[in-house]
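Got the viewer open? Here is a short walk through the model, with something to select at each stop.

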Amino acid sequence: MGEDQNQQNHEENGVKEAPHVAVVMVPFPAQGHLNQLLQLSRIISSYNIPVHYVGSATHINQAKLRLQGWDPLLEPNFHFHDFPTPHFHSPPPDPDASVQFPAHLQPCFEASSELREPVAALLRELSLTVDRLIVINDSLMGSVVQDFVGIGNAESYTFHSVSVFSIFFFFWESLGRPALEGVKIPEDVPSLDGCFTLEFFKFLVFQHEFKKLSSGNLYYTSKLIEGPYVDILREEEIDGVKKKGWALGPLNLVTTYSDKTSNPGDKCLEWLDKQAPKSVLLVSFGTSTSLTDEQIKELAIGLERSGHKFIWLLRDADKGDIFSEEVRRSELPEGWARGRSNLIVIQQPQASASLGMDNHQNHEESEMKEAPVAVVMVPFPAQGHLNQLLQLSRLISSYNVSVHYVGSVTHTHQAKLRVQGWDPLLHPNFQFHHFPTPHFHSPPPNPNSSVQFPAHLESSFEASSQLRQPVAALLRELSPRARRIIVIHDSLMGSVIQDVASIRNAESYTFHSVSAFSIFLFLWEAAGKPVLKEAKFLEDVPSLDGCFPLEFLNFIASQHQFKKLNSGNIYNTCKSMEGCYVDLLDGLEIYGGKKKHWALGPFNPDWAQREQLVAASTVEKKVRSLMASKEGDDMRKRAAELGATIQRSMDEGGVSRKELDSFVAHITR
């Protein structure tokens, strides 16, 4: 069934026609939010339900102007309501702002929160004409719709424009990151630090308090993509009450349509028709991102050097009022792409699509001279430990320092398989060294064990402690080639690297995978818990009793004796989080001498370098990887297969159609 046929007969789905119900849509005034609820309006109105879409006059015009694929004015069940708002300042975006959030839109957000009175008046008016009035509001517009609680036949549903995983992750962290059976959670999800301005965060917190008034949650997603997280949120009690939830994506039209009228995109379509299938890259960063002049230059050079065809939609972020004044016209490098016919650059304020890039800074282009140093990483054979030193390897190798990552064949392969966000094999300064270890028993975990510790891994721990000989041989081999050999080893692998003491130009540093607070607490307790004015302690820090089996405690003790050989300590933490404890550790004399300490987190590949300029060489490599490699071919194949599956999900009986039918059946009950 064609989705763009908006007057469908949904009675066949068990959903009754419902003129006794009306829906009021209240979007947030940013393009992605406006469009999502406008598309949902189209879908719900196709069930023969009147839909009323409300907003400021400016943002209603914006939503109409940018709509693709259908004309709301031709829909008898659809109505726009544009209300006046206080005048608001509409400055241009600042691409050089320290926080890369569209803070210039804040005055428009605040102005739209003044829509409460006209929206309340509309709700009261409509409530007299229907049996049930349904309010669907963006999660950031809760204050605007709050008066529905005083209308006897009205109920509201909160629409979430962000991914379900984002919502799940927020609540999962607030619960202390509990283990969840059957749920895969990425290891390197970036922090929200630096994502929002303080003003917007306060606005978000203020709107959050109104979520408790809603009767359910609508998620802009598909169960085919985020099914496990949708199911978890449906079962969780959020705001103290368990509420219904529906995954109502995709919302944009998933079938093609033909529009014969002239539009600015005609030249793109004509040019695209002349290109080979799957040979053109679309580059765009959406409606809320502004690139600096330096970023535009690097991106332009990298795209050109890639040698691949592309369409680049180059634009500034939207202003609060997109109809006010001219927007900045970005300057491309002089002579860029001169005489080439394999690209189109469009500079206009109406576009969306995306190209994901790894924010890995290429330090080879900086003024840093090549350091005659080699680093050897020796991780502990457990996933969290393997990944932390692998990510640290990435950071250090970006400074044009050779890094050698060593381990057993099994665990080096595991680290490669699970790494996210970068490909170690593409880095010329990075090398894996996998050595054989004695065969070890690999039993399944025992969830009924009296001690909740992965004791089934003990055999692999013991086997990896046999890596001493091949690691020593590697150190002796590397020693004549570099002025200095730096060994960074997990705190549980001290016995493996002990021969560093016999190599004149080698020095070692202990890497601690646990928090700085945990290490400090252990030492503080061992010292008899002295009073320290500088430290703030939790009153009820749990005991370690019962955390480890005796065998692992003995293993820790055997590794502990080698810490006196190191030259310093490295912590996977951030001073903005644990600065107090890092400073206290820096002031302690541990293992007979005062040593240096560094807090080197976060290690996430994108997040740790998010403020650095992406070099043209990185853009070039990423485009070539996507467009001309097996990895890129596989990626595009998976995307095409998923796209086809999602398109079918909107057919009768499909997963997404069932979710829509379920929601409509609920509001027309």
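**Stop one: two helices in contact**

Start by selecting E298, L299, I301, G302, L303, R305 and S306 in α10, then add A616, V619, E620, V623 and R624 in α18: these two sets meet each other. Keep in mind that you are looking at a predicted model. Colour the contact by residue class and you should get 6 nonpolar, 2 polar and 4 charged residues.

Now show the whole helices, α10 (residues 293-306) and α18 (residues 616-627). Their axes come within 7 Å and cross at roughly 40 degrees. Angles under 35 degrees count as roughly parallel, so α10 and α18 are oblique to each other. As for handedness, α10 passes α18 in a right-handed crossing.

**Stop two: the sheet**

Next, bring up the strands in the order β15-β14-β13-β16-β17-β18-β21: these 7 form an open sheet with parallel pairing. Which strands sit at the edges? Select 430-435 for β15 and 596-599 for β21, each of which pairs on one side only. Neighbouring strands here are turned by 25 degrees against each other on average, ignoring direction.

Zoom in on β13 (residues 373-378) and β16 (residues 484-490), which pair in the parallel sense over 6 bridges. Click V373 and you'll find R484 of β16 standing opposite.

**Stop three: helices on the sheet**

Add residues 409-418, helix α12, which packs on the sheet and touches β14 (402-408) and β15. The direction of α12 makes about 125 degrees with that of β14.

Finish with α14, residues 468-478, also packed on the sheet, where α14 touches β13, β14, β15 and β16. Its direction makes about 145 degrees with that of β15.

Terms used: Residues are numbered from 1 along each chain as its sequence is written. This is a predicted model: local features need pLDDT of at least 70, side-chain atom pairs count only at pLDDT 80 or more; totals for chains, interfaces and linings use all residues. Side-chain values use heavy atoms; hydrogens and water are left out. Two strands pair if DSSP finds at least two bridges between them. Helices (H or I, at least four residues) and strands (E, at least two) are DSSP runs, numbered from the N terminus. Axes are lines fitted to C-alpha atoms, for helices over the stretch in contact, and angles run from 0 to 180 degrees between N-to-C directions. Contact means heavy atoms within 4.5 Å. Angles under 35 degrees count as roughly parallel, over 145 as roughly antiparallel, 65 to 115 as roughly perpendicular and the rest as oblique. A crossing is left-handed if the near helix is turned anticlockwise from the far one by less than a right angle, and right-handed if clockwise. Ala, Val, Leu, Ile, Met, Phe, Trp, Tyr, Cys and Pro count as nonpolar, Asp, Glu, Lys and Arg as charged, and the others, Gly among them, as polar.
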